[in-house]
Amino acid sequence: FGFEASAWDNKRFKEISYGYASAHIERSSVARHAKRIVLNWLANLPTIRESQSISAMRGCLDGRDCLVVSPGPSLDDDSPALKRMASKFFIMASFRSAAVLLRNDVIPDVVVWADPGEFSELIPCDDRLQSVPLMINEACHPKVLAAAIKTFSSVLVIPEPRLSPCTLSTLLHEEDATSYTGLSVATITTVVAHFFGAGSITLLGQDLSVGNKPYANDAGEAQLSEERERRLLPCEAIGGGLVNTSPDYMSFIEEFRLIAAHLKDEVPLINSTSSGAYITGWDHIGLSQHPVSNAERPDNEIDGGDPWFPEDSPTPAHTMFVTGLKFVAEGIAHSQLQSALAARACEALIESEERDVTELATLEGGLSKSLDSDGYLLKYFISATSMAFASASASATTLSENLRISSDYYKAIESHGKELQARLRNLSNLFIK
């Protein structure tokens with residue numbers, strides 16, 4: 001700080017930095033991934049429509065103790081203890097952590113994935129996964145979904161909460177589905193474990209700190225770029241003292257803190273990660289001292305396959321789904337029309353040098369209402385464009401400049417709408433055939 005900081009100064013700095021990191025990562029994530037998420041989702045619809053949504057699986061674990069395994073470097077040290085205690089937990093792991101578990105002859109009960117990027121190379125090549133289901137975000141990369149179908153016993157679909165206002169999403173998932181939101185696979189998995197009725201939730205390999213290596217089993221690039229090294233921040237460490245973390249990890253730490261604030265009274269939350277960042281609100285207990293260490297092994301063996309999720313997979317009727325596609329397309333077309341009218345109104349005002357913007361304000365209000373309702377898919381699709389427009393219009397110093405920026409924005413909405421319409425037409429043709 002440049003001065004002797006008091007305990008209050010440090011506390012406020014921690015609160016502000018954690019809050020800023022979380023908000024910044026969420027906003028930048030939307031800017032980077034919104035368009036990709038929509039395109040992934042539309043490409044995946046033929047497959048996910050036939051798959052089971054986890055939104056119908058509330059309470060399916062019936063009090064089982066869940067272990068959410070992440071691939072932090074400490075997982076290497078904790079793997080021997082985990083191998084001894086694996087039967088005590090219902091194990092949920094990401095692609096990277098599943099690979100570490102399998103090398104230690106621990107087979108996860110379910111693998112979870114939620115990133116929209118193309119990470120199919122992270123899927124472990126192991127025949128034992130043929131008996132393991134995968135829970136995957138419906139807006140994952142199509143190549144990841146295609147590879148997953150060949151690798152895992154079945155695919156369970158995690159709703160993408162940012163698409164939940166869209167009519168098609170409502171058809172695929174229960175309307176009252178929990179928002180499975182989160183900035184990391186581990187935070188999403190934790191929320192899902194609670195939704196599934198876990199008796200306790202334990203984290204392992206959740207280092208959330210920057211050390212000599214990024215992941216267990218020496219995976220990933222160990223060398224930090226100069227930019228990332230400059231952005232490192234100190235945070236409280238497990239066992240006391242400080243440890244370096246990144247803005248991304250700091251936002252995950254904040255998410256876990258918020259999860260604890262909301263769920264602590266409903267389910268025991270334990271962090272058995274042996275080293276790394278301390279997470280407020282979680283009980284930090286080593287795996288060997290974990291309360292389940294003396295518990296009897298749960299009865300997993302139920303005739304008929306996987307006992308923790310139902311065999312039947314209700315899916316929307318074909319005609320209902322085609323109708324849903326048509327409704328979304330009509331909503332986007334209406335938003336396109338509103339944006340075209342708003343663009344023409346902007347240009348007319350620029351040419352006439354008129355100062356009365358009453359008509360334009362009315363058109364903008366209609367466009368906003370349309371994008372918030374039946375045109376929501378288009379609204380999310382253009383998130384990055386909308387952020388850029390907000391920034392540009394805030395810097396405009398004259399009405400004429402503001403009108404030109406607005407005109408370009410409304411034309412961009414119309415153009416993006418055409419792109420989505422083409423995708424939806426292709427989908428409709430596929431389902432009608």
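**Exercise 1. Cavities**

Find how many cavities of 30 Å³ or more there are in this predicted model, and then describe the lining of the second largest cavity.

*Solution.* Step 1: the count of cavities of 30 Å³ or more comes to three, and the second largest cavity has a volume of about 40 Å³. Step 2: the residues that line the second largest cavity are Pro165, Cys166, Thr167, Phe327, Val328, Ser373, Asp374, Tyr376 and Leu377. Step 3: two elements, helix H9 (318-352) and helix H11 (376-381), give two or more residues to this lining. Step 4: sorted by character, the lining of the second largest cavity divides into six nonpolar residues, two polar and one charged.

**Exercise 2. The two sides of helix H4**

Work out which residues of helix H4 (residues 142-151) are buried, and where they lie around the helix axis.

*Solution.* Step 1: taking buried to mean under 20% relative accessible area, we find Val144, Leu145, Ala148 and Thr151 buried in H4. Step 2: seen down the axis of H4, these buried residues fall within an arc of 125°, and therefore they line one face of the helix. Step 3: on the face of H4 turned away from the buried side we find Lys143 and Lys150, which are exposed.

**Exercise 3. Alanine 193**

Decide whether alanine 193 is buried or exposed, and say which residues it touches.

*Solution.* Step 1: alanine 193 has its place in helix H6 (residues 185-195). Step 2: because its relative accessibility is 0%, alanine 193 counts as buried. Step 3: leaving aside residues up to four places away in sequence, alanine 193 touches Cys66, Met92, Ala198 and Ile201. Step 4: alanine 193 and valine 68 are 125 residues apart in sequence, while their C-alpha atoms are 8.5 Å apart in space.

Key: Residues numbered from 1 in each chain as written. Predicted model: local features only at pLDDT ≥ 70, side-chain atom pairs only at ≥ 80, totals over all residues. Heavy atoms only, no water. Helix = DSSP H or I, 4+ residues; strand = E, 2+ residues; numbered from the N terminus. Buried < 20%, exposed > 50% of the residue type's maximum accessible area, 1.4 Å probe, protein only. Contact = heavy atoms within 4.5 Å. Arc of directions from axis to C-beta. 1 Å grid on protein atoms, 1.4 Å probe; cavity = no way out; pocket = protein on both sides within 12 Å on 5 of 7 lines; lining within 4 Å. Points joined across faces, edges and corners; volume = space filled by probe spheres on them. Nonpolar A, V, L, I, M, F, W, Y, C, P; charged D, E, K, R; others polar.
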